[in-house]
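These are my notebook entries on one protein model, written down in the order in which I looked things up. I kept each entry to one topic.

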Amino acid sequence: KRSDNSVLVLLLIRIPLNGRDCPMIKTRWYQVKLFCAIVILGGIMPAGFILQAEAANVVVIVNKARAASEITLKDLKKIYHGNKNSWKEGGAIHFYLPPSGSPSMSALLKNVLHVASEDDLNKFYITAVFQQNIVSVPQGAASDAESVQRVSFDPDGIALVEESSIPEGALVVKKTIEGINN
């Protein structure tokens, strides 16, 4: 059984092509290349040929000094919205933004802050500072590795990173939070 796309491709290939209509398609080699391009662009490759990127596992990290701290998705939302500013045990929470375009930033936008884009995130924080809901815009990191390093040196730090970016021996504790990777 053929899909609609494969019928369209077969029709295109069976159309008589000659050098007068398109001088580039004189030879069989160009016809084969055209067919392959149509198949690939048309999305009719068998599923086995399509490589799927493995989904990143995003986790929350805190400094080892906060290892005992319990963090839920609700807590994380409060922290990143600026509604929760201090740890239960004492100390101001310093939250770091994930790198632009990263899976950890996507998880923050989609599952924590519920904003559509990084532009909306920037507008949110600028408005929050202007309305004095938060003291300053959180610091961003150039990479997940930088986020790990910052939290390692900040006893009150918290960040979202890809689990694979946490090196062995890092001075952070990862917290797996239900709903962060949906």
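**Entry 1: a pair in the sheet.** Which residue in β3 does Leu-97 stand opposite? I looked it up in the model, which is a predicted one, and found that Leu-97 stands opposite Gly-140 in β3. Strands β2 and β3 are joined by two bridges, and they run parallel.

**Entry 2: the whole chain.** I then stepped back to the overall layout and noted that the protein has six helices and five strands, which follow one another along the sequence as α-α-β-α-β-α-α-β-α-β-β. The protein has 182 residues, and 33% of them count as buried. I also noted that, among contacts with a separation of 6 or more, 67% are between residues 24 or more positions apart. About 11700 Å² of the protein is exposed, and carbon and sulfur atoms supply 57% of that area.

**Entry 3: the order of the strands.** In what order do the five strands form the sheet? I read the order as β3-β2-β4-β1-β5, in an open sheet with mixed pairing. The strands β3, at 139-140, and β5 stand at the edges with a single partner strand each, so one side of each has no neighbour in the sheet. As a reminder to myself, strands of a sheet pair through backbone hydrogen bonds, and the pairing may be parallel or antiparallel.

**Entry 4: the partners of β4.** I next followed β4, residues 157-162, which runs antiparallel to β1, residues 58-63, and is joined to it by five bridges. Val-59 has Val-161 as its bridge partner in β4, while the partner of Ile-61 in β4 is Ala-159. Strand β4 also runs parallel to β2, with two bridges between them; here Phe-95 stands opposite Ile-158, and His-94 stands opposite Gly-157. Why do I call β4 largely enclosed by the rest of the structure? I do so because five of its six residues are buried.

**Entry 5: helices against the sheet.** I found that helix α3, residues 73-81, lies across β1, β2 and β4, and that it runs at about 110° to β4. In helix α6, residues 144-153, I listed Asp-144, Ser-147, Val-148, Val-151 and Ser-152 as the buried residues. These residues are on the same side of α6, because they cover an arc of only 135° around the axis. That spacing recalled a general rule: an α-helix has 3.6 residues a turn, so residues three or four places apart point the same way. The buried residues of α6 pack against β1, β2, α4, β4 and β5.

**Entry 6: helix α4 and Ser-104.** Helix α4 is mostly covered, since eight of its 11 residues are buried, among them Met-105, Leu-108 and Val-112. The cover over its buried residues includes β1, α3, β2, α5, α6 and β4. I looked more carefully at Ser-104, which lies in α4. Is Ser-104 buried or exposed? Its relative accessible area is 0%, and because the cut-off for buried is under 20%, I entered Ser-104 as buried. The side chain of Ser-104 makes a polar contact with the side chain of Ser-102, at 3.0 Å. Leaving aside residues up to four places away in sequence, Ser-104 touches Val-58, Pro-98, Pro-99, Asp-144, Leu-160, Val-161 and Glu-162. Just after α4, I noted that His-114 takes a positive phi of about 55°.

**Entry 7: Lys-175 in the edge strand.** My last search was for Lys-175, which I found in strand β5, residues 172-175. Lys-175 is buried, with a relative accessible area of 13%. What does the side chain of Lys-175 reach at 2.7 Å? I found that it reaches the backbone oxygen of Ser-69. Apart from residues up to four places away in sequence, those touched by Lys-175 include Val-59, Val-60, Val-62, Arg-66, Ala-68 and Ile-71. Lys-175 and Ala-67 are 108 residues apart along the chain, and I noted that their C-alpha atoms are separated by 8.9 Å.

Terms used: Residues numbered from 1 in each chain as written. Predicted model: local features only at pLDDT ≥ 70, side-chain atom pairs only at ≥ 80, totals over all residues. Heavy atoms only, no water. Helix = DSSP H or I, 4+ residues; strand = E, 2+ residues; numbered from the N terminus. Buried < 20%, exposed > 50% of the residue type's maximum accessible area, 1.4 Å probe, protein only. Contact = heavy atoms within 4.5 Å. Polar contact = N/O pair within 3.5 Å; in protein donor to acceptor, adjacent residues only side chain to side chain. Pairing = 2+ DSSP bridges. Axes fitted to C-alpha atoms, helices over the stretch in contact; angles between N-to-C directions. Arc of directions from axis to C-beta. Areas by Shrake-Rupley, 256 points an atom, 1.4 Å probe, with all protein chains shown as cover.
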